[in-house]
Amino acid sequence: MSKTASIQPAQPSVPRFLASDNTSGICPEAMEYIERANRSDDLAYGNDQWTASASDRFRELFETDCEVFFVFNGTAANSLALASLCQSYHSVICHQLAHIETDECGGPEFFSNGSKLLTVAGENGRVTPEGIATTVTRRGDIHYPRPRVVSVTQATEVGTVYGLDELSAIREIANHYDLRVHMDGARFANACAGLNLSPAELTWRSGVDVLCFSGTKNGLAFGEAVIFFDRQLALDFEYRCKQAGQLASKMRYLAAPWLGLLETGAWLSNAQHANSMAQRLAAGVQSIADARLMFPVEANSVFLQLPAAAQTRLRALNWTFYTFIGEGGVRFVCSWNTTPELIDSLIEDIRQALTAVD
Ligand SMILES: *Cc1c(COP(=O)(O)O)cnc(C)c1O
C-alpha cells in the first residue's frame, strides 16, 4: 500500500455500524433455534414446548422460581412491568437519562394510566440512595404522586454499571420507604459480563423485584423477557401483555431463540465479546489527545467527547453513532458481532479526524 493510500483512506461505501447494539443481526445460536422450532408445529400463545423450556432455563439461570413472560420490545417490557408495580396515582423514581423517561414516548405513564416518572440526577448515569430519599421526602402530602418504585438501568444509559454495594444500598432505602425495585436490563448481560457476577447476584439477591432482560441487544431478532422475582407482582401480567398487543400468537418464535442463548451460553459470551470490543476501543483512544472518554467503560458502550469537526469527518467516513445521549458526546456501542478490525479502523479514523482539524 502506498503512503498516500494510508493517509487518505478510501471512503467505505457502506455504513460502519456502531450506533447501537440493535444494528447487529441475529446471532447464530438464536438462528439455529428458530430453525429448530420451525421443524414442527406447536401450540399457540405460549402453550408450546419452547416457551416452557425457555422459562425453565431462565429459572435455572436465575437460581429461583421466578415468573417469566416474553414480549416484543423493551418499551413494552418496561411499561407493562412498571404498570404492574403501580397504581395510577403512584410515581416511579428514575435517573434523568433513563430510557423510560427519554425514549419510551410516555409508554410507562400510558400503560400505568398516569403513574408519573420523577427523575433524579446522579453521577455516571446512576440513581443514588440520596437522590431517592430526597425525592420521596420532598413532599408527603396528597397533592404529590406517591413514590412506589425505583427504576435502575443495568448497564446504565452511559455504559456504567451498578455494583452489588450500590444495588444493596438502593434496596435498603427502598425498604425504608416501601418502594419496589425495577431493573431495565436492556444491557443486563453486559452488566453480568462486566462485573463477572451471576444473574441471581445482580437481581433478586440484591433486592430487584422485576427485571426486563433484553434479548434484542444480546443477539436476538427481537424479544425481551420480563422476569418477576416477587411472584405476587406478576398477578394477571398475562392479561396486561394480551391487552397491550404483546401476546405473540406464535410465541415459540420469541421463546426458541432465547432458549438458544441460554442453552449455549451465548447470552454471556455475546456480552463478553461486546464488552471486550468496547475495552479495545477505550484503550485505543486513550493515547489520542482530544478524544476524551466521558464515562468509565464498564459494559459495551464508549462515550467520547469529540470536537464537532471531527464528528463531521467521522460521519463522512460512514461511521454511524448517536450524539444525543450522555450530554452530547459521541456514543459507540459494540455488540456480539463487532470485530476487532472494525474497532481498530475506528481508532485510526478518530486519530486522523482529530489530526485533520488541529
Ligand atoms: C434499547 C433500550 C431499551 C429498549 O428499547 P426498545 O426500542 O423499546 O426495544 C430499553 N432501555 C434501554 C436503556 C435501552 O437502551
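This passage looks at helix H8 and at the cysteines of a predicted model.

Helix H8 takes in residues 164–176, and its length works out neatly. With 13 residues at 1.5 Å each, a span of 18 Å is expected, and the end C-alpha atoms do sit 18 Å apart, so the two values agree. Turning to its sides, Leu-167, Ile-170, Arg-171, Ile-173 and Ala-174 are buried. These residues lie on the same side of H8, because the arc they cover around the axis is only 170 degrees. The spacing fits the usual helical geometry: an α-helix has 3.6 residues a turn, so residues three or four places apart point the same way.

As for what packs over that side, the buried residues of H8 are covered by elements including helix H7 (129–137), strand E5 (146–153) and strand E6 (180–185). The face turned away from the buried side is another story, carrying the exposed residues Asp-165, Glu-172, Asn-175 and His-176. Just past the end of H8, Asp-178 adopts a positive phi of about 55 degrees.

Then there are the cysteines. The disulfide count comes to zero. Since a disulfide calls for two cysteine sulfur atoms within 2.5 Å, the distances tell the tale. For Cys-27, the closest cysteine sulfur belongs to Cys-192 and is 16 Å away, so the gap is too far for a bond. Cys-94 fares no better, because its closest cysteine sulfur, in Cys-86, is 11 Å off, again too far for a bond. Cys-27 is buried, at a relative accessible area of 0%, and Cys-94 is buried too, also with a relative accessible area of 0%.

Conventions: Residues numbered from 1 in each chain as written. Predicted model: local features only at pLDDT ≥ 70, side-chain atom pairs only at ≥ 80, totals over all residues. Heavy atoms only, no water. Buried < 20%, exposed > 50% of the residue type's maximum accessible area, 1.4 Å probe, protein only. Helix = DSSP H or I, 4+ residues; strand = E, 2+ residues; numbered from the N terminus. Expected span 1.5 Å × (residues − 1). Arc of directions from axis to C-beta. Contact = heavy atoms within 4.5 Å.
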